[in-house]
Amino acid sequence: MSDFRSDTVTQPSDAMKRAMLEAPLGDDVFGDDPTVNRLQEFAAEMLGFEAALLAPSGTQTNLIALMTHCQRGDEAIVGQQWHTYRWEAGGMAVLGSIQPQPLEHQSDGTIALADIEAAIKPDDPHFARTRLIALENTTGGRVLPLAYMREVQALAARHGLRTHIDGARLFNAAVAMAGTGGGDPVQQAKEICRGYDSVSLCLSKGLGAPIGSLLLGSTDFIRQARRIRKMLGGGMRQAGLIAAAGIYALQHNVHRMADDHANARLLAEGLSQIAASNSRLRERAIAHAANTNIVFFDVDAALADDVLRHLAENDVRVTAGTQRLKGQAMKRIRWVTHLDVARADVERALRVLAAF
Ligand SMILES: *Cc1c(COP(=O)(O)O)cnc(C)c1O
């Protein structure tokens, strides 16, 4: 079976499980789990922040960040497609009483600076108080340009706004940048985060840990965030079991993401050949170039369910959502490469699809 549904499906390796079993444990709500403390210090140092906080999920670290930056009646500027707005069950509004101001994306996944600037509300009782700009990097697998990260940060500083990065796949961005520009992925990750008030990072995606996300920020920010985490039910006890996997992941699984990106490129090239040559898919499917570890394959909606059934019958697992492209109804099939997808799995999936 080849599981391309998400980089969240990875199983902890034997070495990672061993690290979990051997980790010294305490009670993290009392702040005395040595392994949790070690993970938090290690990650903060790695990414250039003063402090970090472990939580069960990236949805929770994002929500904790939003609720720490914003008070009731404040507003957060977000992307229309971003996780913080679209994929977190409306948490910031429901639980935080924070007004999201979603903005449309440009084709490269960024939000135009002029659109952000225009969305910032003046200090007037008619309006919510614009408080935070939250970016997402990578977004849909795309890396936001470093120059753009700097520009948004400068814009926020000019308007006295806070800044948060949803860096669920921060290290995919860093590894991709190191691949094209040279340099060390960890250094690149630090560079992406530089100047931002907070970052959320998933240990349970490409890094291959079973559970956990980190929120990073200043000492004072994390102190406040700890109270919000408790409020949301995210205070865990012998959480060193999870943290040990996180430490292992940060130490061993960052650089190897370059393999996932290479597999994604191979997949995208193969899908593109199939879209051009397969008699049923020709003119009815579009393969998009690989972005880090995510590849999109858009298929005519009338044909997509057959394609999805064919893949499922051949043990190739993917996810799909609806998509409109130039007025045409398409289904967007999403393929994600990760540590449990080998080059041979990509080759097999392409053979399966070619036989459609
Ligand atoms: C996966 C993801 C999250 C967090 O997801 P959880 O499943 O709650 O850990 C946040 N943001 C983005 C962009 C993601 O892809």
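Here is a friendly conversation about how the terms used for this predicted model are earned.

Reader: What should I know before we start?

Author: This is a predicted model, in which local features need pLDDT of at least 70, side-chain atom pairs count only at pLDDT 80 or more, and totals for chains, interfaces and linings use all residues. Residues are numbered from 1 along each chain as its sequence is written, and side-chain values use heavy atoms, with hydrogens and water left out.

Reader: Happy with that. Why is Ser 2 called buried?

Author: Buried means under 20% relative accessible area, exposed means over 50%, and partly exposed is in between (1.4 Å probe, protein chains only). Ser 2 has a relative accessible area of 1%, so it is buried.

Reader: And where is Ser 2 found?

Author: Ser 2 sits in strand β1, residues 2-3. Strands (E, at least two residues) and helices (H or I, at least four) are DSSP runs, numbered from the N terminus.

Reader: Which residues does Ser 2 touch, not counting those up to four places away in sequence?

Author: They are Asp 315, Val 316, Arg 317, Asp 345 and Arg 348. Contact means heavy atoms within 4.5 Å.

Reader: Why does Asp 315 count as partly exposed?

Author: Its relative accessibility is 42%, and therefore Asp 315 falls in the range between buried and exposed. Asp 315 is also a residue with a positive phi, about 60 degrees, although it is not a glycine. You will find Asp 315 in the loop between α13 (301-313) and β11 (316-317).

Reader: Glu 283 has a positive phi too, I think. Is Glu 283 buried or exposed?

Author: Glu 283 is exposed, because its relative accessible area is 76% and the cut-off is over 50%. Its phi is about 65 degrees, and Glu 283 is not a glycine. Its place is the loop between α12 (257-277) and β9 (285-287).

Reader: What makes the peptide bond from Asn 137 to Thr 138 cis?

Author: Omega for that bond is near 0 degrees. Thr 138 belongs to the loop between β5 (129-136) and α7 (146-158).

Reader: Let us go inside. What makes a set of residues a nonpolar core?

Author: The set must consist of buried Ala, Val, Leu, Ile, Met, Phe, Trp, Tyr and Cys residues joined through side-chain atoms within 4.5 Å. The largest such core here has 59 residues, and Leu 54, Phe 171, Leu 216 and Leu 250 have the most contacts inside it. Helix α11 (residues 240-252) gives the most to this core, with eight residues. Apart from it lies another core, of 29 residues, among them Ala 275, Leu 281, Ala 285 and Ala 349.

Reader: What does Leu 54 contact, leaving aside neighbours within four places in sequence?

Author: Its partners include Val 36, Leu 39, Leu 203, Met 236, Ile 242 and Ala 243.

Reader: Why is Ile 222 counted as buried?

Author: At 4% relative accessibility, Ile 222 is under the 20% limit, so it counts as buried. Ile 222 is part of helix α10 (residues 219-231). Its C-alpha atom is separated by 6.4 Å from that of Ala 51, though the two are 171 residues apart along the chain. Ala 51 is also one of the residues in contact with Ile 222, as are Leu 53 and Leu 216.

Reader: How do you know that His 69 and Arg 162 make a polar contact?

Author: A polar contact is a pair of N or O atoms within 3.5 Å; within protein, one must be able to donate a hydrogen and the other to accept it, and residues adjacent in sequence count only if both atoms are side-chain atoms. The side chains of His 69 and Arg 162 are joined by such a contact at 3.1 Å. His 69 itself is found in helix α3 (residues 58-69), and its relative accessible area of 2% is why it is called buried.

Reader: Which domains is the protein divided into?

Author: They are domain 1 (2-252) and domain 2 (257-354), with bounds from an automatic or database domain assignment. Their centres, taken over C-alpha atoms, are separated by 28 Å. In contact are 22 residues of domain 1 and 26 residues of domain 2.

Reader: How many salt bridges are there between domain 1 and domain 2?

Author: The count is zero, where a salt bridge is a side-chain nitrogen of Lys or Arg within 4 Å of a carboxyl oxygen of Asp or Glu. The count of residue pairs in polar contact between the domains is 13, both residues at pLDDT 80 or more.
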